[in-house]
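Student: I would like a close look at one part of this protein, with the rest brought in as context. Please take the charged pairs as the starting point and work outward.

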Amino acid sequence: MEKNLNDYLDKVEKYLKPLPISERVDIVKEIKSEILELQSDGKTAEQITGRLGNPKELAKAYLGDLIAKSDSFNWNRVLAICAYYSLASLFGLIVIPVLAICSPVFIICAIATPIMGFVKLIDALLNLGIPYANYIGISGIENPVAVFIISIVMGVILYHIGRGCWKLLVYYIKGVSKAKQHLSI
């Protein structure tokens, strides 16, 4: 195997250092067999490394798969999680939790906003005297019909923001695991 391909494997193995030797060897063997297969198909070293992508991202994808494949607690899994987060950029450590929290919160608010506007409208139209219904509203707007219409519009906007956050989260996770997908193509 060519020197730059061996260097590539060494870099991947370096990023997998926190893992037990057996796990690390298995992953490197899998990547090496893929490299040998690609070489036998006539691919150059540059094409192979281009297809596999950044060694750090490839190692991170393998660590993510290793973490996700088992729900049980064991020390190998703890080491894999430590290795994964040591490879994750600061951006990833912020983006994933923020989007995972924002998405359901915006969607819940998208549901609650029109419901609250409807409660305000029904209370005003039927004079039901629902407790605290007079506190539901939009600053400067007293008309319950206008509040209801605006709450529907706001609900739609909040729903789309929540869906957008979810799509961004999925897109980010797919992007992180893209390196591993290149290996299995």
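Tutor: What follows starts with the charged pairs and then moves along the chain.

The model is predicted. The structure holds 2 salt bridges. Side chains of opposite charge can pair when their charged atoms come close.

Take R24 first. R24 lies in helix α2, which covers residues 21-40. R24 forms a salt bridge with E13, and the closest N and O atoms are 3.9 Å apart. The cut-off for a salt bridge is 4 Å, so this pair falls within it. E13 sits in helix α1 and R24 in helix α2, so the pair ties together parts that are 11 residues apart in sequence. The two partners can also be set side by side by exposure. R24 has a relative accessible area of 10% and is buried, because buried means under 20%. E13 is partly exposed, at 27%. Beyond residues up to four places away in sequence, R24 touches E13, L16, K17 and L19. The salt-bridge partner E13 is therefore one of the residues on that contact list.

Now the other pair. D7 and K3 meet through their side chains in a salt bridge, at 3.1 Å from N to O. Both residues belong to helix α1, residues 3-15. They are 4 residues apart, so about one helical turn separates them. K3 is exposed, with a relative accessible area of 62%. D7 is partly exposed, at 30%.

Helix α2 has another detail at S40. S40 lies in this helix. The side chain of S40 reaches the backbone oxygen of E37 at 2.7 Å. S40 counts as exposed because its relative accessible area is 60%, and exposed means over 50%.

Next, the wider fold. The protein has 8 helices and 0 strands. Along the sequence the pattern reads α-α-α-α-α-α-α-α. Of the 185 residues, 29% count as buried. R24 is in that buried class, at 10% relative accessibility. Among contacts with a separation of 6 or more, 70% are between residues 24 or more positions apart. The accessible surface comes to about 11500 Å², and carbon and sulfur atoms account for 65% of that surface.

The record adds another layer. An unreviewed UniProt entry places the feature "transmembrane region" at residues 78-99, 105-133 and 145-162. In the model, residues 105-133 are 76% helix and 0% strand. The end C-alpha atoms of that stretch are 22 Å apart. Residues 145-162 are 100% helix and 0% strand, with end C-alpha atoms 26 Å apart.

Two backbone details concern the loop between α6 and α7. N127 is found in this loop, after α6 (90-126). Phi of N127 is near 50°, a positive value in a residue other than glycine. N127 is exposed, at 66% relative accessibility. Y132 lies in the loop between α6 and α7 as well. Phi of Y132 is near 65°, again positive in a residue other than glycine. Y132 is exposed, at 62% relative accessibility.

Finally, the surface of the next helix. I149 lies in helix α7, residues 144-176. I149 helps make a nonpolar surface patch of about 480 Å², together with V145, V153, M154, I157 and I161.

Notes:
Residues are numbered from 1 along each chain as its sequence is written. This is a predicted model: local features need pLDDT of at least 70, side-chain atom pairs count only at pLDDT 80 or more; totals for chains, interfaces and linings use all residues. Side-chain values use heavy atoms; hydrogens and water are left out. Buried means under 20% relative accessible area, exposed over 50%, partly exposed in between (1.4 Å probe, protein chains only). Contact means heavy atoms within 4.5 Å. Patches are made of residues with over 30% relative accessible area and no salt bridge: like charges are joined within 9 Å, nonpolar side chains (Val, Leu, Ile, Met, Phe, Trp, Tyr) within 5 Å. Accessible areas come from the Shrake-Rupley method with a 1.4 Å probe; for residues, only the protein chains shown count as cover. UniProt positions are given in the numbering used here, feature names are shortened, and annotations may be inferred rather than shown by experiment. A polar contact is a pair of N or O atoms within 3.5 Å; within protein, one must be able to donate a hydrogen and the other to accept it, and residues adjacent in sequence count only if both atoms are side-chain atoms.
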